[in-house]
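Visitor: Can you walk me through this one? I'd like to start with the empty space inside and then move on to the interface.

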Amino acid sequence: MIIDKVKKLNGEEKVKTRNESASDRMIGKWVKCDNCKEILYKEELHKNLSVCPNCGKHFRLSARRRIKQIADEGTFEEIGKDILTEDPLHFDGYIKKVETLREKTKIEEAVKCGICEIEGQKVVLGVMDGNFLMGSMGRAVGERITLAIETAIKKKLPLIMFCVSGGARMQEGIVSLMQMAKTSSAIARLNEKGLLYISVLTDPTTGGVTASFASLGDIILAEPKALIGFAGPRVIEQTIKQKLPKGFQSSEFLLEHGFIDKIVERKDMKETLAKLVRLHTATKGGVK
Amino acid sequence: MSKITAWDKVTLARELARPKAIDYINNIFQEFVELHGDRYFGDDKSIVGGIALLEKIPVTVIGEQKGKNIKENMERNFGMPEPEGYRKALRLMKQAEKFKRPIITFIDTPGAYPGMGAEERGQGEAIAKNLMEMSKLKVPIICIVIGEGSSGGALAIGVGDKIVMLENAVYSILSPEGFASILYKDSSKAKEAAENMKLTAKDLKKLGIIDKIIEEPENGAQNDFETICENMKEYLLKEIKKLEKLTERELVEQRYKKFRVM
């Protein structure tokens with residue numbers, strides 16, 4: 001029944017809702033699911049891990065909420081908090097934009113990293129935040145992630161990265177591009193130490209993040225129906241001059257093409273991560 | 001000397017007549033043997049690679065290859081590699097490591113190809129893998145941007161011990177058109193974007209991204225190709241000699257630190 005309803009609503013009407021502004025969808029205590037268009041009580045939605053109870057759409061999560069869902073309560077200790085956006089290109093209006101955004105969102109940067117426990121097991125956890133310049137990676141983001149990777153190496157801990165990103169941060173130009181090399185080099189070092197790295201791709205993961213640390217996990221998980229790719233769909237459509245088929249670059253598409261290990265629903269994410277981490281704790285006597 | 005703008009350099013870097021990777025390979029090295037294929041799917045002609053001699057030193061050379069006319073460009077996909085190209089490059093680089101050959105790469109691309117097939121076969125994964133693997137290769141790597149170095153498609157063969165640019169080459173996060181379309185919501189503002197992107201060799205040297213600028217005549221590399229090749233060859237010989245004095249461990253450590261501070 002529900003599936004039928006969603007299917008029906010997935011037609012032309014969906015296009016219309018896409019153009020609505022965020023404020024149209026988030027009015028006061030209510031929010032409209034942009035997939036099934038059901039009006040949801042915001043608190044209910046958050047209680048349901050920001051997954052639409054009607055159609056199962058996984059709403060985008062702030063880093064703060066994500067950490068709350070994944071880390072054992074009170075265990076998250078942030079690292080690299082002091083690393084903030086710089087302006088290497090002296091790009092007109094950039095710093096002002098960042099400062100205004102920081103004030104408005106109360107988010108410091110597009111990624112938050114720290115050490116925490118997941119079902120009692122210590123890990124380094126990095127969580128990107130799509131609410132901050134589309135989770136784009138500039139120097140501060142690259143530096144925070146690299147520091148997180150190096151912390152995992154130093155403390156011999158597993159690394160988990162939740163990715164959400166529009167790609168490299170344009171305003172930092174070539175410096176953003178170099179963050180791809182920096183983070184990937186750090187992952188190479190993590191691998192040499194035999195440490196586990198789980199990458200979790202969420203909606204959307206594209207561009208320079210897909211083409212660096214996001215694609216380098218020993219195990220790569222994804223949330224359902226996330227957009228994952230290198231080039232954005234609009235760029236591809238402009239290049240090939242045709243519409244992309246439905247579901248192109250979705251998590252399900254990537255699974256089929258062999259680029260991710262598993263699609264995990266949000267309600268099962270913590271448990272899955274905990275299990276995978278536990279499976280990598282083997283000493284000579286077997287797992288803990 | 002008249003003032004050359006950043007956009008002028010973008011135009012020069014894209015000129016059809018500008019020397020391409022194979023021109024450098026044939027002029028600087030001897031006995032080049034081209035090797036093909038990624039061993040998984042196919043052979044991407046927008047990346048060429050193989051073994052050659054630099055004076056008496058066997059080296060592995062890899063380059064993004066654009067065409068000099070429409071026909072060649074069709075064949076080379078305008079120098080826009082698909083995953084197979086990057087995987088071929090990585091295969092040849094691993095081979096270089098096995099036989100302890102230095103690696104020289106020539107960067108010249110508008111970007112990785114944004115097509116359906118490329119996405120289906122893991123463009124992002126292919127680039128990511130190259131970045132990670134290049135960072136730990138135990139042989140010297142020198143990367144030279146000879147024309148257009150655009151986006152992850154350029155960086156995918158650009159993680160080296162020395163990064164060099166020709167004077168009129170450009171190296172950037174994205175093409176000025178793409179940049180303008182994202183930040184100014186208007187791709188026709190590419191000229192303006194180019195001025196703000198800090199994409200010239202001089203800008204990148206100042207930012208500490210590149211190590212060396214190889215001079216070229218004001219009107220483009222094709223006007224004094226021989227001299228440029230001589231200078232490039234001299235630089236390569238000098239730097240490879242220096243890099244080969246390092247232990248493998250020192251070499252990899254130094255490369256890590258180079259990108260770590262960026």
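Guide: Sure, with the term first: on a 1 Å grid over the protein atoms alone, a cavity is a set of points where a 1.4 Å probe fits but cannot get out, and lining residues have an atom within 4 Å of a point. Keep in mind that this is a predicted model, where local features need pLDDT of at least 70, side-chain atom pairs count only at pLDDT 80 or more, and totals for chains, interfaces and linings use all residues. Residues are numbered from 1 along each chain as its sequence is written, chains are lettered from A in the order in which they are written, and side-chain values use heavy atoms, with hydrogens and water left out.

Visitor: OK, how many cavities of 30 Å³ or more are there?

Guide: The count comes to two. A volume here is the space filled by probe spheres set on the points, with grid points joined across faces, edges and corners.

Visitor: What lines the largest cavity?

Guide: A:H58, A:F59, A:R60, A:L61, A:R66, A:V164, A:T202, A:D203, A:E223 and A:R266. That lining has five charged, three nonpolar and two polar residues, around about 50 Å³ of space. For the classes, Ala, Val, Leu, Ile, Met, Phe, Trp, Tyr, Cys and Pro count as nonpolar, Asp, Glu, Lys and Arg as charged, and the others, Gly among them, as polar.

Visitor: And which element gives the largest share of the second largest cavity's lining?

Guide: Strand 5 of chain B, with three residues; strands are DSSP runs of E, at least two residues, and helices are runs of H or I, at least four, numbered from the N terminus. The second largest cavity holds about 40 Å³, and its lining includes B:R14, B:E148 and B:P176.

Visitor: Switching to the interface: how much area is buried between chain A and chain B?

Guide: About 3900 Å², with 72% from carbon and sulfur atoms; buried area is the accessible area (1.4 Å probe) that two parts lose on being put together, summed over both. On the chain A side, A:M170, A:I174 and A:F230 lose the most, together 17% of what that side buries.

Visitor: How many salt bridges are there across it?

Guide: Three by the rule, which asks for a side-chain nitrogen of Lys or Arg within 4 Å of a carboxyl oxygen of Asp or Glu. A:E150 and B:R260 form a salt bridge, at 2.7 Å from N to O.

Visitor: Which helix gives the most to chain A's side?

Guide: Helix 8 of chain A, with 18 residues.

Conventions. 1 Å grid on protein atoms, 1.4 Å probe; cavity = no way out; pocket = protein on both sides within 12 Å on 5 of 7 lines; lining within 4 Å.
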